[in-house]
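I open this notebook to record what I looked up in the structure, entry by entry. Each entry starts from something I wanted to check.

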Amino acid sequence: EPMGVVTGRVDSAGAPIEPALVTRHLTFSMPYRAMFSQVLPTASMVRLVDALVVLLNRLSPKAIVFRALAVASTAGAVLTVLGATGAGGLPGFMATLWVVLGAVGFVLPNAPALALSRHGEAAGTASALLGATQFSLGALTAPLVGVLGNDALAMAALMTGGSVIAFTGLGALAWHNRRPPAAVPGAASL
């Protein structure tokens, strides 16, 4: 249920940021704040959610996805090195894994929202396709970890590979969309 729209946002350079829709959670769904309050103290969770709201007001979802993928790719590379060498032991590996998963946590809600925002008329179909694609990729990558050795290095390598592919793909799309369209021979110019 729509509750409001956040408009008039600008990034640090003063460029306008797309408006954000604020919705109310469904009756039988778990609110974002309540989902994580099981582990963290309630006061900490409230601060974390408030920080995410501030982040969304300062950056566009596209910028959040791009930066989170950069962090996930970099931390994934460190995770792969830790998995290959054993340096840092379990605490170092787990801390780096937490960084990768935290960054991916910023990507997963924002990427589909960006993809669906331009095609509201087909949002249901597109959402189903995105969900099926995510589950299919998960089903395909799980056996790959086993084939690659079923250890920390195999898991880290696949996580890093996925992050790097997503980061590179997003960068290529952003670069392609920034270029002016090619001139069409014989077309009148404005």
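What should the 25 residues of α3 span at 1.5 Å a residue, and how far apart are its end C-alpha atoms? I worked out an expected span of 36 Å for α3, and I found its end C-alpha atoms 36 Å apart, which agrees. Just past the end of α3 I noted G86, which takes a positive phi of about 80 degrees.

**Entry: confidence**

I am reading a predicted model, and I therefore looked up its confidence before going further, bearing in mind that where pLDDT is low the predicted coordinates should not be read in detail. The average pLDDT of the protein is 79, and 81% of the residues reach at least 70. Among the elements, helix α3 (residues 61-85) has the highest mean pLDDT, at 91, whereas helix α1 (residues 32-36) has the lowest, at 50. Over residues 26-30 the pLDDT stays under 50, and for this stretch I found one contact beyond four places in sequence.

**Entry: overall layout**

I counted six helices and two strands in the secondary structure of the protein, and from the N terminus on I read their order as β-β-α-α-α-α-α-α. Of the 190 residues, 18% count as buried. The accessible surface comes to about 13,200 Å², and carbon and sulfur atoms hold 70% of that area. When I took the contacts with a separation of 6 or more, I found that residues 24 or more positions apart account for 52% of them.

**Entry: helix α5**

I repeated the span check on helix α5 (residues 123-147), whose 25 residues should cover 36 Å at 1.5 Å a residue, and its end C-alpha atoms are indeed 36 Å apart. After α5 comes G149, for which I noted a positive phi, near 130 degrees.

**Entry: the nonpolar core**

Which residues make up the largest nonpolar core? I listed seven: A75, L79, L82, F93, L97, V100 and A156. The elements that give two or more residues to this core are α3 and α4 (89-117). I set beside this the general tendency of nonpolar side chains in soluble globular proteins to be buried together. I then followed L79, one of the core residues, and, leaving aside its neighbours within four places in sequence, I found L79 in contact with F93, T96, L97, V100, A156 and M159.

I also looked at V78, which lies in helix α3 and, at 41% relative accessibility, counts as partly exposed because this value falls between the 20% and 50% limits. Its C-alpha atom is separated by 9.3 Å from that of L97, 19 residues apart from V78 along the chain.

**Entry: α3 and α6**

How many aromatic pairs does a search of the whole structure find? I found one, formed by F66 and F167, with 4.9 Å centre to centre and 35 degrees between the planes, and the pair is tilted. Because F66 lies in helix α3 and F167 in helix α6, the pair ties together parts that are 101 residues apart in sequence. I checked the accessibility of both rings' residues, and F66 at 34% and F167 at 26% each count as partly exposed.

Is S163 buried or exposed? I placed S163 in helix α6 (residues 152-178), and at 6% relative accessibility S163 counts as buried. Not counting residues up to four places away in sequence, S163 touches L69, A72 and S73.

**Entry: T85**

I looked up T85, which lies in helix α3 and counts as exposed at 55% relative accessibility. T85 and L153 are 68 residues apart in sequence, and I found 8.9 Å between their C-alpha atoms.

**Entry: N57 and the N-terminal residues**

Last I turned to N57, which is found in helix α2 (residues 42-58) and counts as partly exposed at 29% relative accessibility. Which residues is N57 in contact with, leaving aside its neighbours within four places in sequence? I listed V6, R9, V10 and I17. For R9, 48 residues apart from N57 along the chain, I noted a C-alpha separation of 6.3 Å.

Definitions and conventions. Residues numbered from 1 in each chain as written. Heavy atoms only, no water. pLDDT = per-residue confidence, 0-100. Helix = DSSP H or I, 4+ residues; strand = E, 2+ residues; numbered from the N terminus. Contact = heavy atoms within 4.5 Å. Expected span 1.5 Å × (residues − 1). Buried < 20%, exposed > 50% of the residue type's maximum accessible area, 1.4 Å probe, protein only. Core = buried A, V, L, I, M, F, W, Y, C linked by side-chain atoms within 4.5 Å. Phe/Tyr/Trp six-rings, centres within 6.5 Å; stacked < 30°, edge-to-face > 60°. Areas by Shrake-Rupley, 256 points an atom, 1.4 Å probe, with all protein chains shown as cover.
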